[in-house]
Amino acid sequence: MFKKRFIVSIAVLLLLSGQLVLPSSFALSCGNEVVFSVHKNGAEQPEITPYSHQIVTWPYVELDTNTNFANNRFTPTLAGYYFLHASIYFASYAAAGYPDIIIYRNGTMYKAETQYITSPLLNSVSVSAIVIANGTTDYFEVYVQQATGVNAIISGSVPDTYFQGFKIK
């Protein structure tokens, strides 16, 4: 049993890192394993106004083995521990600033990361968290806040702007 779980864990990590690519017809079936991956599929998200938390939209579901992702939110239906990771790349950002990326749990800030951006070429921020979900009412979303004084645009770049996660235990 340990060997099977270890192999599945390695495969999931390779999948989430982009080193393992599966055909769209592939279905992952590993008992209670839950994996999801969403991105913007090239669609930019404009009008990220300064100094307010705004939800990040995810128009493309790349992988959702347990049908837990809908309406920009991950709602696990199996109780347990989950690893979540989100990355945002700004297509437009002022020369310097402190954008935040935040994982919300049940409509409230849960985990956040701030990255100082020193130039328009270094404009991404990411956050990771291990979370506990009750399997019934808990849900997770990604929000962003930026503090440049002018509107910013989130890039739709598939390799740079995404939200992913999987069940750990």
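**Exercise 1. Which backbone atoms does the side chain of threonine 161 reach, and at what distances?**

Solution. The side chain of threonine 161 reaches the backbone oxygen of serine 155 at 3.0 Å, and it reaches the backbone nitrogen of tyrosine 89 at 3.2 Å. These are polar contacts, a term for a pair of N or O atoms within 3.5 Å, where within protein one must be able to donate a hydrogen and the other to accept it, and where residues adjacent in sequence count only if both atoms are side-chain atoms. The model is a predicted one, in which local features need pLDDT of at least 70 and side-chain atom pairs count only at pLDDT 80 or more, while totals for chains, interfaces and linings use all residues. Residues are numbered from 1 along each chain as its sequence is written, and side-chain values use heavy atoms, with hydrogens and water left out.

Next, place the residue: threonine 161 is found in the loop between β12 and β13 (162-167), where helices (H or I, at least four residues) and strands (E, at least two) are DSSP runs numbered from the N terminus. Threonine 161 counts as buried because its relative accessibility is 0%; buried means under 20% relative accessible area, exposed over 50%, and partly exposed in between, with a 1.4 Å probe and protein chains only. Finally, list its surroundings: leaving aside neighbours within four places in sequence, threonine 161 is in contact (heavy atoms within 4.5 Å) with His39, Lys40, Trp58, Ser87, Ile88, Tyr89, Ile154 and Ser155.

**Exercise 2. Describe β13 and the strands with which it pairs.**

Solution. Begin with cover: six of the six residues of β13 are buried. Then take the directions of the side chains, for Tyr162, Gln164 and Phe166 point one way and Phe163, Gly165 and Lys167 the other way, and all are buried.

Now turn to pairing, for which DSSP must find at least two bridges between two strands. β13 pairs with β1 in the antiparallel sense over five bridges, and serine 37 has glutamine 164 as its bridge partner in β13. β13 also pairs with β7, again antiparallel, over six bridges, and here the partner of serine 87 is tyrosine 162.

**Exercise 3. Which face of β10 is buried, and to which strand do ten bridges join β10?**

Solution. Along β10 (residues 124-133) the side chains alternate, so that step one is to separate the two faces. Val125, Val127, Ala129, Val131 and Ala133 point to one face and are buried, whereas Ser124, Ser126, Ser128, Ile130 and Ile132 point to the other and are not. For step two, β7 (residues 80-92) and β10 run antiparallel and are joined by ten bridges, with serine 128 of β10 as the bridge partner of histidine 85.

**Exercise 4. Which residues have the most contacts inside the largest nonpolar core, and which elements contribute to it?**

Solution. A nonpolar core is a set of buried Ala, Val, Leu, Ile, Met, Phe, Trp, Tyr and Cys residues joined through side-chain atoms within 4.5 Å. The largest has 26 residues, and Trp58, Phe74, Leu84, Ile88 and Phe163 have the most contacts inside it. Two or more residues come from each of β1 (35-39), β7, β8 (100-105), β10, β11 (140-145) and β12 (152-154). As a general background, nonpolar side chains tend to be buried together in soluble globular proteins.

Phenylalanine 163 can then be examined singly: not counting residues up to four places away in sequence, it touches Phe36, Ser37, Val38, Trp58, Phe69, Phe74, Leu84, His85, Ala86, Phe140 and Val142.

**Exercise 5. Where is phi positive in asparagine residues 41 and 106, and how exposed are they?**

Solution. Most residues other than glycine have a negative phi. Asparagine 41, in the loop between β1 and β2 (45-48), has a phi near 55 degrees, and it counts as partly exposed because its relative accessibility is 47%. Asparagine 106, in the loop between β8 and β9 (108-114), also has a phi near 55 degrees and is partly exposed, with a relative accessible area of 31%.

**Exercise 6. Over which residues does pLDDT stay under 50?**

Solution. Start with the chain, whose mean pLDDT (the predictor's confidence in each residue, from 0 to 100) is 80, with 76% of its residues at 70 or more. Over residues 1-14 the pLDDT stays under 50, and the model has nine contacts beyond four places in sequence for them. Residues 23-31 are likewise below 50, with three contacts beyond near neighbours in sequence. Where pLDDT is low, the predicted coordinates should not be read in detail.
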